[in-house]
Amino acid sequence: MEQVTKQETEEILRLAEKVLSAAGDFVELGCYKGETSLLLARLLKAHSSDKRLWLYDSFAGLPEKTVEDASTAGEQFKAGELFVSKREVVEKFKRSGLPFPVIKKGFFEDLDPAADLPSNVAFAFCDGDLYSSIKTSLKLVVPKLADDGIIVVHDYNNPELPGSSRAVDEFLRAHADFRLAQKHTLAILTRR
Ligand SMILES: C[S@@+](CC[C@H](N)C(=O)[O-])C[C@H]1O[C@@H](n2cnc3c(N)ncnc32)[C@H](O)[C@@H]1O
């Protein structure tokens, strides 16, 4: 796995498995090459779940950082970094023989919540690296989250990408009905 450690992947899959009976679909905001996406799709198939997997990415790499992302440790994360084509992810899924996900190309900020997201979300993996990307992801997902759904945000307390923690902490200050658990650099958000 290129972007997510083995331990984090195991935790993501364990959490996703926990919400297989919650209402709604699985979403991944920031799918990059689709490595975690494939594992989520495999999990759904293994459980014969009728949930769909929805994937989102600019397929143009990272957007510009904002002041909240400033970090000398994370200077490699420049605009346009982590570019991957949508075709690469499409081909990967075709080869896998797994059920094909919904794949939406574009910046999160341009998504239409009604048209571009499922009506209910059971599990969300938010992995957009930057403050504005995580902030927008939470804004899109939270109104759709099942009561017993789970949101996992990557790069929490990762000094290279401080914007992720800033967006999560800011979200928690404004949403007293959510609680945080942390495992590795995963912020796990659930309703109280
Ligand atoms: C770290 S990678 C995701 C890794 C992937 N989740 C995995 O497990 O392999 C971050 C991705 O988020 C995308 N991204 C970041 N901010 C975005 C935004 N505001 N809109 C759309 N895509 C964004 C980037 O293009 C990049 O592909």
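This passage walks through the sheet, the helices, the core and a few odd residues of a predicted model.

Since it is a predicted model, local features are taken only at pLDDT of at least 70 and side-chain atom pairs only at pLDDT 80 or more, while totals for chains, interfaces and linings use all residues. Residue numbers start from 1 along each chain, following the sequence as written. Helices (H or I, at least four residues) and strands (E, at least two) are DSSP runs, numbered from the N terminus.

Let's start with the sheet. Seven strands line up in the order E3-E2-E1-E4-E5-E7-E6, giving an open sheet with mixed pairing; two strands count as paired if DSSP finds at least two bridges between them. Strand E3 (102–105) and strand E6 (178–183) sit at the edges with a single partner strand each, so one side of each has no neighbour in the sheet. On average, neighbouring strands are turned by 15° against each other, direction ignored. Angles here run from 0 to 180 degrees between N-to-C directions, and axes are lines fitted to C-alpha atoms, for helices over the stretch in contact.

At the E6 edge, six bridges hold E6 and strand E7 (residues 186–191) together in an antiparallel pair, and Leu180 faces Leu189 of E7. These two strands make a hairpin with two residues between them. E7 also pairs with E5, again antiparallel, over four bridges. There, Leu189 in E7 is the bridge partner of Ile151.

Now for the helices that lie against the sheet. Helix H5 (residues 131–141) packs on it and touches strand E1 (25–29), E4 and strand E5 (145–154), with a direction at about 175° to that of E4. Two residues are in contact if their C-beta atoms, placed from the backbone, lie within 7 Å. Helix H6 (residues 162–174) lies across E5, E6 and E7 and runs at about 150° to E5.

H5 and H6 also meet each other: their axes come within 7 Å and cross at roughly 35°. The crossing of H5 past H6 is right-handed, which goes with the near helix being turned clockwise from the far one by less than a right angle (anticlockwise would be left-handed). On the H5 side the contact uses Tyr131, Ile134, Lys135 and Leu138, and on the H6 side Gly163, Ser164, Arg166, Ala167, Val168 and Phe171. Sorted by type, the contact of H5 with H6 has six nonpolar, two polar and two charged residues. In this sorting Ala, Val, Leu, Ile, Met, Phe, Trp, Tyr, Cys and Pro are nonpolar, Asp, Glu, Lys and Arg are charged, and the others, Gly among them, are polar.

A second helix pair is made by H1 (residues 6–18) and H2 (residues 35–46), whose axes come within 10 Å and cross at roughly 35°. H1 passes H2 in a right-handed crossing too. Thr9, Ile12, Leu13, Ala16 and Glu17 of H1 meet Thr36, Leu39, Leu40 and Leu43 of H2. This contact splits into six nonpolar residues, two polar ones and one charged.

What about the inside? In soluble globular proteins, nonpolar side chains tend to be buried together. A nonpolar core here is a set of buried Ala, Val, Leu, Ile, Met, Phe, Trp, Tyr and Cys residues joined through C-beta atoms within 7 Å. The largest one has 44 residues, and Ala124, Cys126, Ile151 and Val153 touch the most other members. Strand E4 (residues 121–126) supplies the largest share of this core, six residues. Apart from neighbours within four places in sequence, Val153 is in contact with Cys126, Ile134, Ser164, Val168, Ala187 and Leu189.

Finally, two loop residues stand out. Most residues other than glycine have a negative phi. Ser48, though not a glycine, has a positive phi of about 50°; Ser48 is in the loop between H2 and strand E2 (53–57). With 6 C-beta neighbours inside 10 Å, Ser48 counts as exposed. The labels work like this: 20 or more other C-beta atoms within 10 Å of a residue's own means buried, 12 or fewer means exposed, and in between means partly exposed, with C-beta atoms placed from the backbone. His184, in the loop between E6 and E7, also has a positive phi, near 55°. His184 has 16 other C-beta atoms within 10 Å, so this residue is partly exposed.
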